[in-house]
Amino acid sequence: MIEARALIKRFGTLTAVDGVSLRAADGCVTGLLGPNGAGKSTTLRILYTVLTPDGGEAWIDGASVLAQPLEARRRMGVLPHGAGVYPNLTARENIEYFGALHGLPRTARRARAAELIARLEMEPFADRPAKGFSQGERVKTALARALVHQPRNVLLDEPTNGLDVMAVRTLRRLLGELRDEGHCILFSSHVMQEVAALCDDVIVIAGGRVVVQAGPDELKARAGTASLEEAFVRLIDPDGAGGGP
Amino acid sequence: MKSIWRVLRKELRETLRDRRSLFTTLIIGPLLMPALIGTVIFMAIRHSGAASTGPITLTVAHAERAPRLLDFLRQYQVRVRPVNADRARARRLVERQQGPLLYVPREFGTRLAAGKPAPLRLYADESDRSVQGKVERLSTLIGLYGGTIARLRLVARGLDPQLLVPIALHPIDTSTPQSRAALTLGMLSYAIVFTMLMSGLYIAIDTTAGERERGSLEPLLTVPVEREHLVYGKMLAACVMMFVSLVLTVAAFAVTLRHIGLARLGMSANFGPGVAAGIVLGCLPLIPAGAALMTLVASYTRSYREAQTYVGLVLLVPTLPLIFASILGLQPRAALMAVPSLSQHFIIMSLLRGEPLPSGYVVISAGVSLALGAVLVYLAGRLYRRERLLG
């Protein structure tokens, strides 16, 4: 379970995250939805301990990201934006390296890497150097790397960016499976269909604040529309200043 | 500790796979530099040696006008090559060919017979160092010939030739082959220190700028490992590469310089395994400081390219003391042994000359270098805690 309370993050004069509180439950896919620059990535980066908030607090399964960052990191797998891998290592070695850094013994990380390679359908490129990987192959490698230590919580920053339809389907299926296994999944996106297809719970963020947290159906009901997209637009821009039908 | 070891292993594995950086690290630096410097030293020795002792070829225009002088010169290993040329052609000949040309004017014989200064023209391009030496030797020889004639003239007039020598100045050259070779040796220690630092460059840059640019820094920071340990592992990998390169460089120098007249350069005749090991040990304490310095500098840059530029400049910093040392002719002193890189230079020089430094000096050198390394390593470790590292 991931919890955040009143997170604040400033970059100079800009307040990127302005009092975000949220809760992502186990056995649930929670979507962090918002337009570009809404503060989604910054919120996630605070949660995965790369940024320190200027205010507020967050916990991963009860481990404070501020007071016990190592504990918190142990309990989550992270797919950051961009998903960089080591070009001179193969996909398998990339995964095993992170297994090693998570403290898995050699046999365990080998087995785990093999399992993830099968599960993510990575066999064709698993033993090639990552140098020439396509975006999809890179994201799969990074995803396997994030899951190598079987984390209870999984954080993904715009995971479907640059992926083709087939890769997106694999990813969706995997996230669904992880949810069914009881994992807590928090991912950010600005793509409505993504969120509609996957999420049990949606957190809409705009201007560094949480506008609403609700299920997709409740969201539609609240905005008084039949389509989630329309609901989203009305929620982040209640005056309709952005135009529309 | 385990995670430091794991990071170290992964960094080395990656470096070993990157052919291009491996080529620069282990081939260009450690093998090419010694070969290059060896060649330069070899040429320098041959050149200077040839000018001072070997035979000289002297082109002479109108050799028939000064047969006795040329006979005299021939006794001193001067090969006379007569040519037909007037003054203008003589000048052109010198411009075209190497080596000096002696032009004997028409009045040479008559003036000599009349007891008046007899003119000779020696054409030479003195911008060529080897020609310079030859001209000096020829001047001395011709002066010697003139002195003999002068003495004979005095004797013929019943005067003591010693009258012409009111003062007997004896210049005594106190320079040893060692001191004359100081500059060449300075080049050698410069090459050793520089290649050593170069070899750590790739990993040092990769630790921050490289990881950031390819987007692997953020995932790396989400593993449950103290961030300092990640940096320590990377810097340790850089140190390993620097050590390997140091050993290779010194070994390559030992092999190259063995085939060159070492005694002429004032190096201990035996650049054997003992001296080589001494050099490696003397440079070893500088390695952590170098790795940490490059890591620190690279972390302040925004991209890999920028990092390469700045770290390349920083590589010059440790070489500055060496330049000062050779310009100012610095000698080892306790205070100077506290200057990292300069002290390594002194250690290398003393080992090559076979004049060991006081052991206290070596302790100062190692102590200060290691202490500086410890401070820089600590700072680099702290750096990984900064958010701004993410760029």
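**Exercise 1. In which sense do β6(A) and strand β7 (residues 153-157) of chain A pair, and over how many bridges?**

Bear in mind as you work that this is a predicted model.

Step 1. Put the two strands side by side: β6(A) and β7(A) run in the parallel sense, and four bridges link them.

Step 2. Pick out one facing pair. A:Val78 sits opposite A:Leu155 of β7(A).

Step 3. Now sort the side chains of β6(A), residues 76-79. A:Met76 and A:Val78 point one way, while A:Gly77 and A:Leu79 point the other way. All of these residues are buried.

**Exercise 2. Work out how chain A is built overall, and whether its radius of gyration fits its length.**

Step 1. Count the elements: chain A has nine helices and 10 strands.

Step 2. Check the radius of gyration. Chain A comes out at 18 Å, close to the 18 Å that the globule rule gives for 245 residues, so chain A is as compact as a globular protein of that length.

Step 3. Look at the extents. Along its principal axes, the C-alpha trace of chain A covers about 55 × 40 × 35 Å.

Step 4. Turn to burial and contacts. Of the 245 residues in chain A, 51% count as buried. Take the contacts in chain A between residues at least 6 apart in sequence: 66% of them join residues at least 24 apart.

**Exercise 3. Split chain A into domains and describe where they touch.**

Step 1. Get the bounds. The domain assignment gives domain 1 of chain A as 1-75 + 153-245 and domain 2 of chain A as 84-150.

Step 2. Find the spacing: their C-alpha centres are 26 Å apart.

Step 3. Go to the contact itself, where eight residues of domain 1 of chain A meet seven residues of domain 2 of chain A. On the domain 1 side, helix α6 (residues 165-180) of chain A gives the most, with three residues.

Step 4. Classify that domain 1 side: five residues are nonpolar, two are polar and one is charged.

**Exercise 4. Describe the domains of chain B and the side of chain B that touches chain A.**

Step 1. Start with the domains. In chain B, the assignment gives domain 1 (2-46 + 178-390) and domain 2 (54-172). Over C-alpha atoms, 53 Å separate the centres of these two domains of chain B.

Step 2. Tally the contact between the chains: 18 residues come from chain B and 25 residues from chain A.

Step 3. Trace the chain B side to its helices. α1 (2-17) and α9 (217-221) of chain B each supply at least two residues, and α1(B) gives the most, with five residues.

Step 4. Sort the chain B side by class, and you get six nonpolar, four polar and eight charged residues.

Conventions
Residues numbered from 1 in each chain as written. Chains lettered and ligands numbered in written order. Predicted model: local features only at pLDDT ≥ 70, side-chain atom pairs only at ≥ 80, totals over all residues. Contact = placed C-beta atoms within 7 Å. Nonpolar A, V, L, I, M, F, W, Y, C, P; charged D, E, K, R; others polar. Domains from an automatic or database assignment. Buried ≥ 20, exposed ≤ 12 C-beta atoms within 10 Å, placed from the backbone. Pairing = 2+ DSSP bridges. Rg over C-alpha atoms; globule rule 2.2 N^0.38 Å.
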